[in-house]
Each structure stands twice: as C-alpha cells, then as structure tokens.
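Ready for a few short exercises? Have the sequence and the model open side by side, and try each task before you read its solution.

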Amino acid sequence: PRGARDEGVLVIGLGRFGASIALTLEKLGTEVLAIDTNEELVQKYSGQLTHVVRADATQPEVLDQVGGGDFSLAVVGVGTSIEASVLIAANLVDFGKPVIWAKAISAAHGRILQRIGCHHVVYPEADAGKRVAHLVNGRLMDFIEFDDGFAIVKMRPPREVQGKTLAESDIRAKFGVTVVGVKSPGKDFTYAVPETMVAAHDLVIVSGHTHLIEKFSNRP
Ligand code: ADP
C-alpha cells in the first residue's frame, strides 16, 4: 500500500536546480529519492544522496515502479524541456498523493503547471534576476521580497543616520521603514531598540514596503 514514504521528498531532475534542492534537503536530514534520465548525473550524485535512480519520469509506470508514487512531497526540477516537465507533473497529479513543487522557465510554462494541478510553481531564474537587480542597483547587500511588495534587506546605512541612535535619526517616521537589527563589524547582530547606535561601518537589517526600502537605500 501507498503511504510508506510520508517523510521523504521525491526530486525529479538533477539539473542545477533539482540537484541543489536534493542536496540541501539531505543536509537538513530529509531523505530524498532523486530521479534523472542522465546516467552521468545519477553516478555523480549517488554518493551524496540516499537514493538516486536512473529513470524516465515521463512514463507513469516507470515512475511508479521506482517508488515515485509513494511520496507525499515531490519537486519537478525539469525545466528546459517543457514537454517533459508537464508530463512528469501530470503523472504526479495522477498519483493523487503528493504536494507538488515545480520549476517553470516562463510565465506560460508556470500557468500550465498551475492548471495541471501543481501546488507551488517557482521561477528560479526570474526570481534570482530580480533579486540581483536590486543588489546591483544600490547599496543593498541582500534582498528578500515577499509576495505583497514587502521586503527585508541588509544594507549599509545612509550617511544621515550614521553616528546617531535610531531614536535620534527617527527612521520609521522619516522614511517609512523599520530597522530590525544592526551588526557592527566582528560582532553578532543585535535586535534594534530606540537606543541602538548606528555607526558608519555597521550593517542594518531593514524591513518595509519595497518602494520605500529602495528609496531609503538610494540615499547617499
Ligand atoms: P537546470 O536549469 O536546473 O540545470 P534542467 O531543466 O536543464 O535544469 O535540467 C533538467 C534535468 O532533468 C536534467 O538533468 C535532465 O537529465 C533531467 N530530465 C529531463 N527529462 C527527464 C525525465 N523525463 N525524467 C527524469 N529526468 C529528466
């Protein structure tokens, strides 16, 4: 009977994206069954992942035979071949069991995956491009944006807030963003309180609406 694999994750496609997911899951202590048609990749990862199988996941019987039908969580890491991606996703939907995460390489591809019944569609390249654009553009050193236009960033503080406490520079009232934490060189991050002093070489973690963060981070 099905249901024996409630703890593991099925990862199909050991390209850059799928392999990175599989390796990270294993590092976190989650068992992975990884499937790829490419023998070289199967060899390459067989030492690092619990189970790696060479199989064509577009074939429902094959996928079922290697145990792909037993998982309650599956990741489709095949992207470059949209046809393979869609067939594999459809097979997983037909199994009726797993929550499916799938990578899309375009908005149209993503729409198809959603229509088929994938629960989570991710756009790794488009997302990375957006993130890096924010990093390239200003003083931001790290940038995470949430769906609702809200972001958390790591940045060097603008000159006008340096050498002052957060209460003195009144950042929230003046710029509409909130300083969450401050890190001085060689020290740990500390949570921000009104008395927290911001020095020129500190890093600050700031949260707020993306457009306000952008404005704040573009100040000299
Ligand atoms: P990335 O851009 O992350 O490297 P790709 O889409 O290029 O991702 O990689 C897809 C991976 O999926 C490749 O390793 C390929 O061998 C594998 N793959 C393609 N088709 C199938 C299939 N039908 N069954 C299993 N694995 C597949």
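Below are five exercises, each with a worked solution.

Two notes come before we start. This is a predicted model, in which local features need pLDDT of at least 70 and side-chain atom pairs count only at pLDDT 80 or more, while totals for chains, interfaces and linings use all residues. Residues are numbered from 1 along each chain as its sequence is written.

**Exercise 1. Describe the overall form of the chain.**

Step 1: The chain has nine helices and 13 strands (DSSP runs numbered from the N terminus, H or I of at least four residues for helices and E of at least two for strands).

Step 2: The C-alpha trace spans about 65 × 35 × 30 Å along its principal axes.

Step 3: The radius of gyration is 22 Å, whereas a compact globule of 220 residues would have one near 17 Å (taken over C-alpha atoms; the globule rule is 2.2 Å times the number of residues to the power 0.38).

Step 4: The domain assignment gives domain 1 (9-122) and domain 2 (127-217), with bounds that come from an automatic or database assignment. The C-alpha centres of these two domains lie 37 Å apart.

**Exercise 2. Find the nonpolar cores and the elements that build the largest one.**

Step 1: Begin with the terms. A residue is buried if 20 or more other C-beta atoms, placed from the backbone, lie within 10 Å of its own, exposed if 12 or fewer, and partly exposed in between. A nonpolar core joins buried Ala, Val, Leu, Ile, Met, Phe, Trp, Tyr and Cys residues through C-beta atoms within 7 Å.

Step 2: The largest nonpolar core has 36 residues, and V11, I12, A22, A34, V76, A89 and A102 have the most contacts inside it.

Step 3: Elements that each supply at least two residues of this core include strand 1 (9-12), helix 1 (16-27) and helix 4 (82-95).

Step 4: A second, separate core of 16 residues includes A151, V177, V182 and V206.

**Exercise 3. Which residues surround the ligand?**

Step 1: The ligand has 21 residues around it, of which G13, G15, F17, A57 and T80 come nearest (a residue is near if its C-beta atom, placed from the backbone, lies within 6 Å).

Step 2: Helix 1 and strand 2 are the elements that give two or more residues to this shell. Helix 1 gives the most, with three residues.

Step 3: By type, the shell holds eight nonpolar, ten polar and three charged residues. Here Ala, Val, Leu, Ile, Met, Phe, Trp, Tyr, Cys and Pro count as nonpolar, Asp, Glu, Lys and Arg as charged, and the others, Gly among them, as polar.

**Exercise 4. Is V132 buried or exposed?**

Step 1: Locate V132 in helix 6 (residues 124-137).

Step 2: V132 is exposed, because 11 other C-beta atoms lie within 10 Å.

Step 3: V132 and E61 are 71 residues apart in sequence and 41 Å apart in space, C-alpha to C-alpha.

**Exercise 5. Examine the backbone and surroundings of D170.**

Step 1: D170 sits in the loop between helix 7 (166-169) and helix 8 (171-175).

Step 2: Most residues other than glycine have a negative phi. D170 is not a glycine, yet has a positive phi of about 55°.

Step 3: D170 counts as partly exposed because it has 13 C-beta neighbours inside 10 Å.
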